Amino acid sequence: MALRQIRIGRVLAYVAALVLSAFILAPIYLITISAFSGFDAVYDYPKNLVPSDLTMESMNIFLDSEGVTDSLLRSVYVAAITIIVCLAIGTPAGYALARFTFRGANPFQLALVSTRAFPLIIIAIPLAVTYLRVGIDDTVLGVALAHVAFTLPLTVLVTASVFAGISYELEEAAMTLGCNRLSAFRRVALPLALPGVAASSIFVFVTSWNEVFAAALLTLRERTLPAQMLAALDTSPLPYRLAGGFFLLAPALVVIFFIRKYLLTTWGKVAR
Amino acid sequence: MSEIRFEAVRKSFGKFHAVDGVDLDVKDREFVVLLGPSGCGKTTLLRCLAGLERVDGGRVYIGDRDATDLPPRRRRIAMVFQSYAVFPHMKVYDNIAFGLRMQKERKPVVDERVRSSAGLLHIEELLDRYSSQLSGGQRQRVAVARAIATKADVLLMDEPLSNLDALLRLEMRAELKALLQSLDATTIYVTHDQIEALSMGDRIAVMNQGRIVQLGNPLEVYDNPADTFVGGFIGNPPMNFLEAEVSVNGGSSVAKLSGGSFELTGGTAALAGHNLLLGIRAEAIGVETAPADGLVRATVIVLEPLGSHNLLTVRCGEDILKVSIQPDLFPLAESDVWLRLEPARIRWMDRDTGVAIHTGTEEFATQTAVITS
């Protein structure tokens, strides 16, 4: 009887997992096959779930469209700058939060979380005005800085929890074995934190890559890919949009695919 | 040469005085155990020596150098942590080689030392593994091998055996002692386990509330505790303490307990003017089954046979005592026995301060026979 219940429970768990996976994967699949289908197939209804002919037709149209390759490159730059700045500031800040007890550590953490509560709409106008005054409107750097502002607080919190999970005794052991604070961090804490840091940089990348509001607001000519697509959305054909959707989707998936072993495992097992 | 000297070392955490004025001299190549209950400051003192904590006052000398303000890496120490702190992202080989590489030793030297250290700890076959693939006992061996690989002057051990299961701890204790005897390092060893302290140390520093309350060789500390804390902390069972009064009439003195009185031989002059506690070890009490002169009556509460001896819990007047008796004697519960409190084995304490009072006529156990090769 009990065995049967366990079996039923297991079946239900698998069904739930399948449903969840389908919920995520179905749109991804549809966008992908549409992006690589011919023009006619895109407009087919009902959809053919197994693509009959794979072509680069839509893709080529999308990539040849005006401004697309430039904005694609810009998106890469913006994401790269965002990740570098986030890690350069966020990792030490997270380390400090995890390792040192200092006055105001808790309010600081609260303040970090509360930045997520601000609706972007409210700060949009002041932000644009400030950018105009400083003179970084319509620049790759400007967009990247805005993205840093969105992602840095969570980077700090995530890396703080990653470092908090690494025993300080490991660094102390390194110090008794000839390291100073910095080299103990570099040789022991940092390698152990790498999976967590990688995870948070994926988050930063995906956020920056897909972010459209600030990018559209702060740029006119120097648009990133989402901003470019937003601008062209109502004037472009469906294949263009699907190909663009694929381009927004694919890099994140590829990055996660290659980095996933760092997400799940470290050196044979979970870092402890 | 690596003597260690603490001079009036103090360390506080907020209002808590973890180490409260410690003076301690450790000789070159000596093995000193810091023993005390948790929170007594022993680990903090060790960390002050390692340079992992900054002292709030006093000086720390290692060898002939004032190490008070030196960072850990300049103190020529090595440390074994309670959690072992084996680096999870490195193989055992690289763990042991870590300190040597930091010292920029040449590759063949590193290799030779890693292999010889691993050999001493019998972990040669584990060099290619990660720490997650090791058992607790193996990790402990890696931590020790890593510490001895650099041939540091001073070896610090912070409860290295406390995370092992009982059987392994027993095995490792003897092995570690033998290993440390073969090295030239001065060793400071922190433990809360009095058996470990008694069995391993050349000298034991018993700590309580941030202070060293007694420093001496294991037998001294066991047999002649400086105060009621040491007597109660060291030994299993702890020393018995009974409230007592000593009265002198004519030439003889009589000790009066709540359960009876008996005549004292030996001097009692030093006891005058103190509220007294009579301290006596469980094995220093003789047990008779019939009344006689100088014996005190007691009632058996419970008998615990322990194989090598039987442990008896008895009530004597208002006091409860632990008595160890020979393994073939089985007094029934609620039966009466008669206790012989050997005057020379009694350790008198001041009831108010807890400090030992010496009468000058105690018999102390001594290490008489030392066999040298």
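**Exercise 1. Find which elements of chain B cover the buried residues of α4(B).**

*Solution.* Start with the cover: β6, α2, α3 (107-120), β7 (154-158) and α5 (166-182) of chain B are among the elements packed over the buried residues of α4(B). Keep in mind that we're working with a predicted model here.

Next, list what is being covered. The buried residues of α4(B) are Arg139(B), Gln140(B), Arg141(B), Val142(B), Ala143(B), Val144(B), Ala145(B), Arg146(B), Ala147(B), Ile148(B) and Ala149(B). To count as buried, a residue needs 20 or more other C-beta atoms within 10 Å of its own.

Now draw the conclusion: eleven of the 14 residues of α4(B) are buried, so the helix is largely enclosed by the rest of the structure.

**Exercise 2. Check whether the length of α4(B) agrees or disagrees with what you'd expect for a helix, then look just past its end.**

*Solution.* Helix α4 of chain B runs over residues 136-149, which makes 14 residues. At 1.5 Å a residue it should span 20 Å, and its end C-alpha atoms are indeed 20 Å apart, so the two agree. Just after the helix, Lys151(B) has a positive phi of about 50°.

**Exercise 3. Work out how chain B meets chain A, and which residue classes it brings.**

*Solution.* First the count: 22 residues of chain B touch 20 residues of chain A. Then the elements: β6 (77-80) and α2 (92-102) of chain B each put at least two residues into that side. Last, the classes: the chain B side has 14 nonpolar residues, seven polar ones and one charged one.

Notice that β6 and α2 have turned up before, as part of what covers the buried residues of α4(B).

**Exercise 4. Locate the largest nonpolar core and follow one of its best-connected residues.**

*Solution.* The largest nonpolar core holds 143 residues, and Leu156(B), Ala205(B), Val206(B) and Leu278(B) have the most contacts inside it. Its largest share, eleven residues, comes from helix α7 (residues 140-164) of chain A.

Now pick Ala205(B). Skip its neighbours within four places in sequence, and its contacts are Leu24(B), Val32(B), Val33(B), Leu34(B), Leu35(B), Ile212(B) and Leu215(B). A second, separate core has ten residues, including Phe62(A), Val68(A), Ala243(A) and Phe247(A).

**Exercise 5. Sum up chain B as a whole: its elements, its box and its burial.**

*Solution.* Count the elements: eight helices and 21 strands. Box it along the principal axes, and the C-alpha atoms of chain B fill roughly 80 × 45 × 45 Å. Of the chain's 373 residues, 42% count as buried.

Methods:
Residues are numbered from 1 along each chain as its sequence is written. Chains are lettered from A and ligands numbered from 1 in the order in which they are written. This is a predicted model: local features need pLDDT of at least 70, side-chain atom pairs count only at pLDDT 80 or more; totals for chains, interfaces and linings use all residues. Helices (H or I, at least four residues) and strands (E, at least two) are DSSP runs, numbered from the N terminus. A residue is buried if 20 or more other C-beta atoms lie within 10 Å of its own, exposed if 12 or fewer, and partly exposed in between; C-beta atoms are placed from the backbone. Two residues are in contact if their C-beta atoms, placed from the backbone, lie within 7 Å. Ala, Val, Leu, Ile, Met, Phe, Trp, Tyr, Cys and Pro count as nonpolar, Asp, Glu, Lys and Arg as charged, and the others, Gly among them, as polar. The expected span of a helix is 1.5 Å times one less than its number of residues. A nonpolar core is a set of buried Ala, Val, Leu, Ile, Met, Phe, Trp, Tyr and Cys residues joined through C-beta atoms within 7 Å.
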